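Let's take a walk through this one together, stopping at a few spots along the chain. Keep the viewer open and follow along.

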Amino acid sequence: MPFVRQHLIDPLSCVRCDSCRFVCTNKAITKIDGTLAIDFDLCDGAGACIGACDTGAIQSWRVVESGAVYATEEQAMWFELPPQQDFGDDAVSPQDPAVPCAGACAPATAQRPQVGKFRDSAPAQARVVANVMLTPGGTSEIHHVVIDLTDSGMIVAEGQSVGILPPGTDDQGRPHEARLYSVASARCGEAGQQHHVAFTIKRVVSVIDGQVYPGVCSNHVCDLRPGDPVRLTGPYGASFLLPEDPQAQFLFICTGTGIAPMRGMIEWWMRSGWATADRLMLVYGARTVRDLAYHDELALAAERGDIGLELALSRDPGKARRYVQDALAERRDRIARHLASPNAYVYLCGLVSMEAGVFDAFAAICAAAGLDWPAIEVAMRAEGRLHMETY
Ligand SMILES: Cc1cc2nc3c(=O)[nH]c(=O)nc-3n(C[C@H](O)[C@H](O)[C@H](O)COP(=O)(O)OP(=O)(O)OC[C@H]3O[C@@H](n4cnc5c(N)ncnc54)[C@H](O)[C@@H]3O)c2cc1C
Ligand code: SF4
């Protein structure tokens with residue numbers, strides 16, 4: 001019986017960021033009802049999508065009979081990948097040996113969250129509770145938006161993302177697609193209100209040749225008022241999660257609105273009573289101090305000794321530019337100790353551009369400390385201790 005290896009996307013791990021869809025020159029990746037699927041007939045296995053995927057969701061294959069590949073419509077219905085069917089020794093391995101498995105997996109002790117329950121065609125209905133501008137006087141406008149999920153059926157965990165469906169249609173007349181926003185509160189809810197979930201949303205506006213182009217969803221959400229209805233999809237993400245392990249040590253590195261998942265995670269860790277400054281360090285980059293979201297509450301947590309806080313301001317008036325990788329280099333001894341520990345976790349969130357700087361800093365710090373960074377990176381990824389979410 002002829003078999004083929006079919007490239008698929010794991011809907012549990014996929015955060016619907018669309019990066020794979022944009023890089024696929026064959027247009028083999030399609031989005032149906034908010035879920036990504038790969039068209040077997042169009043996929044030539046070139047693998048550009050693999051490098052584009054932070055979550056490892058794209059590193060999924062199943063061996064199937066050649067006449068019975070999974071259609072994209074069928075993939076779009078999945079909540080998780082189907083198990084590999086047993087074809088005996090005749091079939092090839094589902095994992096492509098040419099592709100090293102560099103995908104992210106969840107920490108072994110993480111709780112399994114709700115994933116993908118609400119799709120674009122049947123979103124959760126919720127209401128805005130609060131909308132506060134966090135960065136007055138800053139160079140970017142960031143809002144803290146709290147949404148009430150009561151009766152919606154949606155349950156989120158810190159580290160996950162939720163899709164927000166803006167009203168209206170695009171210039172082709174199609175309904176706008178959902179945009180993803182990281183959960184910024186802990187699983188116990190914002191300010192102790194169990195069904196309230198917080199988001200940290202930057203108003204996106206581009207100016208090209210003097211023409212102003214406001215981002216559709218971010219502007220919609222930043223203008224919402226208490227009581228306004230909002231339609232949500234997801235939640236998404238099953239790997240960027242906290243371990244339930246009191247021995248865990250954390251290094252959180254973020255820029256801009258990348259603070260959102262870190263805030264939720266820090267809140268949950270502090271509530272667990274396990275948070276101390278020597279086991280939880282946040283490196284937070286922004287342009288100026290006024291662009292830092294949640295600066296007051298983070299500074300307070302640092303003052304209490306719950307977290308270690310390193311700020312990296314790239315446009316602080318009168319000071320040299322400082323980026324997150326500079327802060328890491330300055331704390332090289334602590335970072336080296338952290339990376340060498342089998343209990344160490346690293347979470348990265350924010351601008352795509354910070355990834356290279358952070359990984360170069362890790363490599364340099366490890367080299368100076370006599371540590372093998374490539375081996376540490378492989379082990380951390382395989383054990384669910386290294387997580388990235390950049391956009
Ligand atoms: C996993 C994940 C988590 C995320 N978490 C967060 C978060 O916590 N907080 C957050 O703020 N963001 C987050 N994002 C980013 C967010 O999903 C959106 O991408 C962002 O808000 C922009 O969406 P938008 O609808 O406002 O812009 P869009 O309408 O999608 O526009 C995109 C860009 O194109 C420009 N543009 C629009 N129309 C035109 C035109 N005609 N010509 C030229 N340019 C144009 C816009 O100005 C904008 O810069 C996350 C993304 C991912 C993938
Ligand atoms: S998480 Fe990976 S598989 Fe999902 S849309 Fe993003 S790049 Fe594609």
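**A walk through the model**

Glu267 has a relative accessibility of 26%, so it counts as partly exposed. Before going further, bear in mind that this is a predicted model. Glu267 makes a handy starting point, since its side chain meets that of Arg271 in a salt bridge, with N and O 2.7 Å apart. The two sit in helix 5 (residues 259-272), and because they are four residues apart there, about one helical turn separates them. An α-helix has 3.6 residues a turn, so residues three or four places apart point the same way. Arg271 is partly exposed as well, at 48% relative accessible area.

That pair is one entry in a longer list, as the count of salt bridges comes to 20. Side chains of opposite charge can pair when their charged atoms come close. For a pair that reaches across the chain, find Glu244 and Arg187, whose side chains form a salt bridge at 3.0 Å, N to O. This one links distant parts of the chain: Glu244 is in the loop between strand 12 (229-236) and strand 13, Arg187 is in the loop between strand 8 (179-182) and strand 9 (196-202), and the two positions lie 57 residues apart. Glu244 is partly exposed at 25% relative accessibility, and Arg187 is partly exposed at 21%.

Two more salt-bridge sites deserve a look. Glu330 pairs with Arg322, and their closest N and O atoms are 2.5 Å apart. Which side of the burial cut-off does Arg322 fall on, buried or exposed? With a relative accessible area of 18%, Arg322 is buried, because the cut-off for that label is under 20%. Elsewhere, Asp18, Arg21, Lys31 and Glu177 are joined in a network of salt bridges.

Some charges gather with their own kind instead. On the surface, Lys202, Arg287, Arg315 and Arg321 make up a patch of positive charge. To find Arg321, go to the loop between strand 15 (308-313) and helix 7. Arg321 counts as exposed, with 51% relative accessibility.

Now for the buried residues, beginning with helix 8 (residues 332-340). Which of its residues are buried? They are Arg334, Ile335, Ala336, His338 and Leu339. Several elements cover these buried residues, including strand 13 (249-255), strand 14 (280-286), helix 7 (324-330), strand 16 (344-350), helix 9 (354-368) and helix 10 (373-382).

Strand 14 is also where you'll find Met281. Its relative accessible area is 3%, so Met281 is buried. Leaving out neighbours within four places in sequence, Met281 is in contact with Phe250, Leu251, Phe252, Gly308, Glu310, Arg331, Arg334 and Ile335. Two names on that list, Arg334 and Ile335, are among the buried residues of helix 8. For a sense of span, pick Met281 and Ala37: they are 244 residues apart along the chain, and their C-alpha atoms are separated by 37 Å.

Compare that with Tyr236, which sits in strand 12. Tyr236 and Val115 are 121 residues apart along the chain, while 5.2 Å separates their C-alpha atoms. Tyr236 has 3% relative accessibility, so it counts as buried. Setting aside residues up to four places away in sequence, what does Tyr236 touch? Its contacts are Cys14, Val15, Arg16, Gly34, Val115, Gly116, Phe118, Gln160, Ser161, Gly163 and Leu180.

While you're in strand 12, stop at Pro235. The peptide bond from Gly234 to Pro235 is cis, with omega near -10 degrees. Most residues other than glycine have a negative phi, and most peptide bonds are trans.

Phi has its exceptions here too. Asp151, in the loop between strand 6 (142-148) and strand 7 (161-165), has a positive phi near 70 degrees without being a glycine. Tyr294 is another non-glycine residue with a positive phi, about 65 degrees, and is found in the loop between strand 14 and helix 6 (295-304). Which of these loop residues is exposed, and which is buried? Asp151 counts as exposed at 80% relative accessibility, whereas Tyr294, at 7%, counts as buried.

Notes. Residues numbered from 1 in each chain as written. Chains lettered and ligands numbered in written order. Heavy atoms only, no water. Buried < 20%, exposed > 50% of the residue type's maximum accessible area, 1.4 Å probe, protein only. Contact = heavy atoms within 4.5 Å. Salt bridge = Lys/Arg side-chain N within 4 Å of Asp/Glu carboxyl O. Patch = residues over 30% accessible without salt bridge, like charges linked within 9 Å, V, L, I, M, F, W, Y side chains within 5 Å. Areas by Shrake-Rupley, 256 points an atom, 1.4 Å probe, with all protein chains shown as cover. Lys, Arg positive; Asp, Glu negative; His and termini not counted. Charge placed at Lys NZ, Arg CZ, Asp CG, Glu CD.
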